[in-house]
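Hi,

Here is the structure I said I'd pass along. Have a look at it first, and my notes follow underneath.

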Amino acid sequence: MKRTAILGLLIFCSSFVHAEAKLGAREVLLDNDKVQIIRLTYPPGTESGMHTHDFPHRAVYFVKGGKLRLLSDNNESQRHVINIPDGKAFFMPKVAHNVINIGETEVIIIETEIKN
(Lines give C-alpha, C1' and ligand atoms only; values in the text may rest on other atoms or scores of the structure.)
Protein backbone atom coordinates (compact mmCIF):
# COMPACT_ATOMS: atom_id res chain seq x y z
CA MET A 1 0.00 0.00 0.00
CA LYS A 2 2.79 2.41 0.96
CA ARG A 3 4.66 1.58 -2.26
CA THR A 4 1.53 2.32 -4.34
CA ALA A 5 1.02 5.67 -2.60
CA ILE A 6 4.64 6.69 -3.21
CA LEU A 7 4.46 5.60 -6.85
CA GLY A 8 1.24 7.58 -7.32
CA LEU A 9 2.82 10.68 -5.76
CA LEU A 10 5.88 10.39 -8.02
CA ILE A 11 3.72 10.09 -11.13
CA PHE A 12 1.60 13.06 -10.05
CA CYS A 13 4.66 15.27 -9.39
CA SER A 14 6.44 14.23 -12.58
CA SER A 15 3.52 15.56 -14.63
CA PHE A 16 4.46 19.06 -13.46
CA VAL A 17 8.16 18.59 -14.18
CA HIS A 18 7.69 17.08 -17.64
CA ALA A 19 4.76 19.18 -18.84
CA GLU A 20 4.97 19.51 -22.58
CA ALA A 21 4.26 22.71 -24.46
CA LYS A 22 1.14 22.84 -26.60
CA LEU A 23 2.42 22.85 -30.16
CA GLY A 24 0.76 24.51 -33.12
CA ALA A 25 -0.15 22.63 -36.30
CA ARG A 26 2.30 22.16 -39.19
CA GLU A 27 1.11 21.19 -42.68
CA VAL A 28 3.50 20.71 -45.62
CA LEU A 29 1.85 22.24 -48.69
CA LEU A 30 4.68 21.68 -51.19
CA ASP A 31 8.06 19.99 -50.96
CA ASN A 32 10.36 19.65 -53.97
CA ASP A 33 14.08 20.05 -54.72
CA LYS A 34 13.84 23.89 -54.73
CA VAL A 35 11.43 24.87 -51.92
CA GLN A 36 9.37 23.61 -49.03
CA ILE A 37 6.13 25.49 -48.27
CA ILE A 38 4.55 24.98 -44.87
CA ARG A 39 1.32 26.26 -43.31
CA LEU A 40 1.77 26.89 -39.57
CA THR A 41 -1.27 27.44 -37.36
CA TYR A 42 -0.85 28.66 -33.78
CA PRO A 43 -4.01 28.94 -31.67
CA PRO A 44 -3.63 31.13 -28.56
CA GLY A 45 -1.20 29.61 -26.06
CA THR A 46 0.57 27.31 -28.54
CA GLU A 47 4.14 27.42 -29.80
CA SER A 48 6.51 26.01 -32.37
CA GLY A 49 8.95 24.53 -29.86
CA MET A 50 12.66 25.35 -30.04
CA HIS A 51 13.92 24.41 -33.50
CA THR A 52 16.36 25.28 -36.29
CA HIS A 53 15.39 25.28 -39.95
CA ASP A 54 17.08 22.91 -42.39
CA PHE A 55 17.71 25.50 -45.07
CA PRO A 56 19.57 28.83 -44.88
CA HIS A 57 16.78 31.22 -45.94
CA ARG A 58 13.01 31.44 -45.79
CA ALA A 59 10.17 33.78 -46.64
CA VAL A 60 7.41 34.10 -44.05
CA TYR A 61 3.91 35.42 -44.83
CA PHE A 62 1.34 36.05 -42.07
CA VAL A 63 -2.12 35.15 -43.34
CA LYS A 64 -3.42 36.00 -39.85
CA GLY A 65 -1.06 37.93 -37.63
CA GLY A 66 -1.12 38.36 -33.89
CA LYS A 67 0.94 38.83 -30.75
CA LEU A 68 3.99 36.56 -30.62
CA ARG A 69 6.89 36.02 -28.26
CA LEU A 70 10.09 35.02 -30.06
CA LEU A 71 12.82 33.22 -28.17
CA SER A 72 16.20 32.82 -29.82
CA ASP A 73 18.58 29.96 -29.04
CA ASN A 74 16.69 29.13 -25.84
CA ASN A 75 18.26 32.26 -24.30
CA GLU A 76 16.00 34.35 -22.08
CA SER A 77 17.94 37.53 -22.93
CA GLN A 78 17.02 37.05 -26.61
CA ARG A 79 13.24 37.28 -26.23
CA HIS A 80 11.07 39.70 -28.16
CA VAL A 81 7.33 40.37 -28.17
CA ILE A 82 5.97 41.48 -31.53
CA ASN A 83 2.55 42.35 -32.92
CA ILE A 84 2.36 41.20 -36.54
CA PRO A 85 -0.46 42.52 -38.73
CA ASP A 86 -2.32 40.34 -41.23
CA GLY A 87 -0.56 40.25 -44.61
CA LYS A 88 2.96 41.05 -43.34
CA ALA A 89 5.89 39.27 -45.05
CA PHE A 90 9.53 38.81 -44.00
CA PHE A 91 12.71 37.29 -45.42
CA MET A 92 14.53 35.49 -42.60
CA PRO A 93 17.91 33.77 -42.19
CA LYS A 94 18.42 30.40 -40.52
CA VAL A 95 18.33 30.74 -36.73
CA ALA A 96 17.36 28.56 -33.76
CA HIS A 97 14.15 29.90 -32.22
CA ASN A 98 10.76 29.29 -30.63
CA VAL A 99 7.58 31.11 -31.66
CA ILE A 100 4.88 31.42 -28.96
CA ASN A 101 1.40 32.81 -29.57
CA ILE A 102 0.76 34.97 -26.48
CA GLY A 103 -2.20 36.76 -28.04
CA GLU A 104 -5.91 36.02 -27.99
CA THR A 105 -6.30 35.15 -31.69
CA GLU A 106 -5.12 32.34 -33.92
CA VAL A 107 -1.97 33.07 -35.99
CA ILE A 108 -1.57 31.49 -39.45
CA ILE A 109 1.77 31.63 -41.26
CA ILE A 110 2.85 30.43 -44.70
CA GLU A 111 6.57 29.72 -44.61
CA THR A 112 8.63 29.08 -47.75
CA GLU A 113 12.01 27.45 -47.12
CA ILE A 114 14.44 28.11 -49.98
CA LYS A 115 16.60 25.02 -50.50
CA ASN A 116 19.34 26.47 -52.73
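Something to try while you have it open: leaving aside neighbours within four places in sequence, which residues is isoleucine 84 in contact with? Going by heavy atoms within 4.5 Å, which is what contact means here, the partners are Phe62, Gly65, Gly66, Leu68 and Phe90.

Before the rest, some ground rules. This is a predicted model, so local features need pLDDT of at least 70 and side-chain atom pairs count only at pLDDT 80 or more, while totals for chains, interfaces and linings use all residues. Residues are numbered from 1 along each chain as its sequence is written, and side-chain values use heavy atoms, with hydrogens and water left out.

**Overall layout**

The chain's secondary structure comes to one helix and eight strands, and along the sequence the pattern reads α-β-β-β-β-β-β-β-β. Helices (H or I, at least four residues) and strands (E, at least two) are DSSP runs, numbered from the N terminus. Of the chain's 116 residues, 28% count as buried. Buried means under 20% relative accessible area, exposed means over 50%, and partly exposed is in between (1.4 Å probe, protein chains only). Among contacts between residues at least 6 apart in sequence, 73% join residues at least 24 apart.

**The core**

Back to isoleucine 84, which is found in strand β5. The residue counts as buried because its relative accessible area is 9%. Its C-alpha is 7.6 Å from that of phenylalanine 62, with the two residues 22 apart in sequence.

Both belong to the largest nonpolar core, which has ten residues in all: Ile38, Leu40, Tyr42, Val60, Phe62, Leu68, Ile84, Val99, Val107 and Ile109. Such a core is a set of buried Ala, Val, Leu, Ile, Met, Phe, Trp, Tyr and Cys residues joined through side-chain atoms within 4.5 Å. At least two residues of this core come from each of β2, β3 and β8, and β2 gives the most, with three.

Isoleucine 38 is another core member. Not counting residues up to four places away in sequence, isoleucine 38 touches Arg26, Glu27, Val28, Leu29, Ile109, Ile110 and Glu111.

**The pocket**

The largest pocket holds about 580 Å³ of space. Which residues are closest to its centre? They are His51, His53, His97, Val99 and Glu111, out of 35 that line the pocket. Several strands give two or more residues to the lining, including β1 (25-31), β2 (35-42) and β8 (107-114). By class, the lining has 19 nonpolar, ten polar and six charged residues.

On the terms: using a 1 Å grid over the protein atoms alone and a 1.4 Å probe, a pocket is an open set of points with protein on both sides within 12 Å along at least five of seven lines, and lining residues have an atom within 4 Å of a point. Grid points are joined across faces, edges and corners, and the volume is the space filled by probe spheres set on the points. Ala, Val, Leu, Ile, Met, Phe, Trp, Tyr, Cys and Pro count as nonpolar, Asp, Glu, Lys and Arg as charged, and the others, Gly among them, as polar.

**Salt bridges**

How many salt bridges does the structure hold? There are three, each a side-chain nitrogen of Lys or Arg within 4 Å of a carboxyl oxygen of Asp or Glu.

- Lysine 115 pairs with aspartate 31, the closest N and O atoms being 2.5 Å apart. Lysine 115 is in the segment after β8 and aspartate 31 in strand β1, 84 residues apart.
- Arginine 58 meets glutamate 111 at 3.2 Å, N to O. This pair joins strand β3 to strand β8, 53 residues apart, and both residues are buried.
- Lysine 64 meets glutamate 106 at 3.6 Å, N to O. Lysine 64 is partly exposed, with a relative accessible area of 34%, and glutamate 106 is also partly exposed, at 30%.

**One more residue in β8**

Threonine 112 lies in strand β8 and counts as partly exposed because its relative accessibility is 21%. Setting aside residues up to four places away in sequence, threonine 112 touches Val35, Gln36, Ile37, His57, Arg58 and Ala59. The C-alpha atoms of threonine 112 and leucine 30 are separated by 9.1 Å, and the two residues are 82 apart along the chain.

Over to you!
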